[in-house]
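Here are some short exercises to work through with the model open in your viewer. Try each task yourself before you read the solution.

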Amino acid sequence: MKSLEELTRPNIWSLAPYSSARNEYNGKDAHVFLDANENPYNTPYNRYPDPLQIEVKQLLSKIKGVAVENIFLGNGSDEAIDLPYRCFTRPGIDNVVAIEPTYGMYKVCADINDVEYRPVLLDEHYQLSAGKLLAACDDNTKIIWLCSPNNPTGNSLNYDEIVKVITGFDGLVVVDEAYSDFSRQKSFRCELDKYPNLIVLNTMSKAWGCAALRLGMAFASKEIIGIFNKVKYPYNVNLLTQQKVLEALKDPFEVDKWVKMLLQERTRLIDNVRMLNNICIEVYPTDANFFLVKVTDAQKIYDYLVDRGIIVRNRNRVQLCKNCLRITVGTKTENNELLAALRQY
Ligand SMILES: *Cc1c(COP(=O)(O)O)cnc(C)c1O
């Protein structure tokens, strides 16, 4: 791996971050706060929230098995996807490499930051080749984007092949594990000590059922987390989100129940979709709370479902996903409504 100084935008490396009132005061007992120009009335919303979200991180640390100093929290994974660009890539000069097809935000953030995005096609089983990805890199490649289980394909990427990418690349590798709660594959967040160039993303938006709260996480070396903390908005996670997420994290058994139910429903839904001979060509393997299915005519079936008030994701225009629909697993009732509609097609 190149040194973190070599990988970081020079202006970011030398950046003196904004020092908020809540940053400068830390620790000692105090009860009169006259340092932040807050209104003394309207408790608790009058006070700025904890800029480093320590309480949330302490609970997450136990649940995820990652030390507090290795956790960054952001306004959804969106922030944790944008920050690596703003910290490590020089606009108009550097580039990133990513698997294709994958989650659309990696490219959107590359475009916003004026950074060249180099997609590398997966194989016909939606698997990556470390050799192909590494061959697409040059001296200005700062980040490789991986997503496992991958969106929109649903499958986990081959573990050993991911390791080859991480160990074979001298820049940073992001592994987005937004759907790892649905998968049995070992999470890369437990391998941070082995790989200083690794960034792992998780989210509260999927298995934890908190998409509206907007909380995403990055797990990485404390040096990388330090750079993120320097660049992020000072109060990027608001008080209500911190409170609600804390509540959710105190009840992980609820999540276990949801995941079990959704995985059962996924099996049932897929089995039934496979039986629809006039619609279904192939259901692809999935490790997530959705599946990709190749159908006879994705646009027509999509429109047909929309007419019945049922929305799935049409991935017809995505590379390697011609005539594919991505279907999220819903409640038993919702899934039955989908199946009933498809049977009448
Ligand atoms: C849904 C999803 C996310 C979650 O994004 P948030 O901003 O945390 O809601 C992240 N990555 C992938 C690949 C996703 O599919």
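**Exercise 1. A threonine in a loop**

Which backbone oxygen does the side chain of T8 reach? Find it, then describe the surroundings of T8.

*Solution.* Keep in mind that this is a predicted model.
- Step 1: locate the residue. T8 sits in the loop that joins α1 (4-7) to α2 (10-13).
- Step 2: follow its side chain. It reaches the backbone oxygen of L4, at 2.6 Å.
- Step 3: check the burial. The relative accessible area of T8 is 4%, and the cut-off for buried is under 20%, so T8 is buried.
- Step 4: list the contacts. Once residues up to four places away in sequence are set aside, T8 touches W13, C87, F88 and I227.

**Exercise 2. Cysteines without a partner**

Work out how many disulfides the structure holds, using C109 and C324 as test cases.

*Solution.*
- Step 1: recall the chemistry. A disulfide covalently joins the sulfur atoms of two cysteines. The cut-off used here is a sulfur pair within 2.5 Å.
- Step 2: test C109. Its closest cysteine sulfur belongs to C87 and is 12 Å away, so the two are too far apart for a bond.
- Step 3: test C324. The nearest cysteine sulfur is that of C321, at 5.0 Å, and C324 is in no disulfide.
- Step 4: state the total. The structure holds zero disulfides.
- Step 5: add the accessibility. C109 is buried at 2% relative accessible area, and C324 is buried at 0%.

**Exercise 3. The ligand and its shell**

Describe how the protein surrounds the ligand, beginning with the number of residues around it.

*Solution.*
- Step 1: count the shell. It has 14 residues, and the closest are Y179, T203, S205, K206 and R214.
- Step 2: ask which helix gives the most residues to this shell. The answer is α5 (residues 76-88), with three.
- Step 3: look for polar atoms beside ligand oxygens. A polar side-chain atom of T203 is 2.6 Å from one ligand oxygen atom. For S205, a polar side-chain atom is found at 2.7 Å from an oxygen atom of the ligand. S77 uses a polar backbone atom instead, also with a ligand oxygen atom at 2.7 Å.
- Step 4: consider the cover. On its own the ligand has 390 Å² of accessible area, and the protein covers 94% of this.

**Exercise 4. From a strand to T203**

Place L73 in the fold and relate it to T203.

*Solution.*
- Step 1: find its element. L73 belongs to strand β1 (residues 71-74).
- Step 2: judge its exposure. With 1% relative accessibility, L73 is buried.
- Step 3: compare sequence with space. L73 and T203 are 130 residues apart along the chain, while their C-alpha atoms are separated by 9.4 Å.
- Step 4: pick out contacts beyond four places in sequence. Those of L73 include V56, L60, L215, M217 and V237.

**Exercise 5. Checking a helix**

Test whether the length of α11 or its end-to-end distance hints at a bend or a fit, then find what α11 packs against.*Solution.*
- Step 1: compute the expected span. Helix α11 (residues 252-274) has 23 residues, and at 1.5 Å a residue it should span 33 Å.
- Step 2: compare. The end C-alpha atoms of α11 are 33 Å apart, which agrees.
- Step 3: pick out the buried residues of α11. Among them are V255, V259, R266, L269 and V273.
- Step 4: find their packing partners. The buried residues of α11 pack against β8 (280-283), β9 (290-295), β11 (324-328) and α13 (332-343).

Technical notes. Residues are numbered from 1 along each chain as its sequence is written. This is a predicted model: local features need pLDDT of at least 70, side-chain atom pairs count only at pLDDT 80 or more; totals for chains, interfaces and linings use all residues. Side-chain values use heavy atoms; hydrogens and water are left out. Helices (H or I, at least four residues) and strands (E, at least two) are DSSP runs, numbered from the N terminus. The expected span of a helix is 1.5 Å times one less than its number of residues. Buried means under 20% relative accessible area, exposed over 50%, partly exposed in between (1.4 Å probe, protein chains only). Contact means heavy atoms within 4.5 Å. A residue is near a molecule or strand if one of its heavy atoms lies within 4 Å of it. A polar contact is a pair of N or O atoms within 3.5 Å; within protein, one must be able to donate a hydrogen and the other to accept it, and residues adjacent in sequence count only if both atoms are side-chain atoms. Accessible areas come from the Shrake-Rupley method with a 1.4 Å probe; for residues, only the protein chains shown count as cover.
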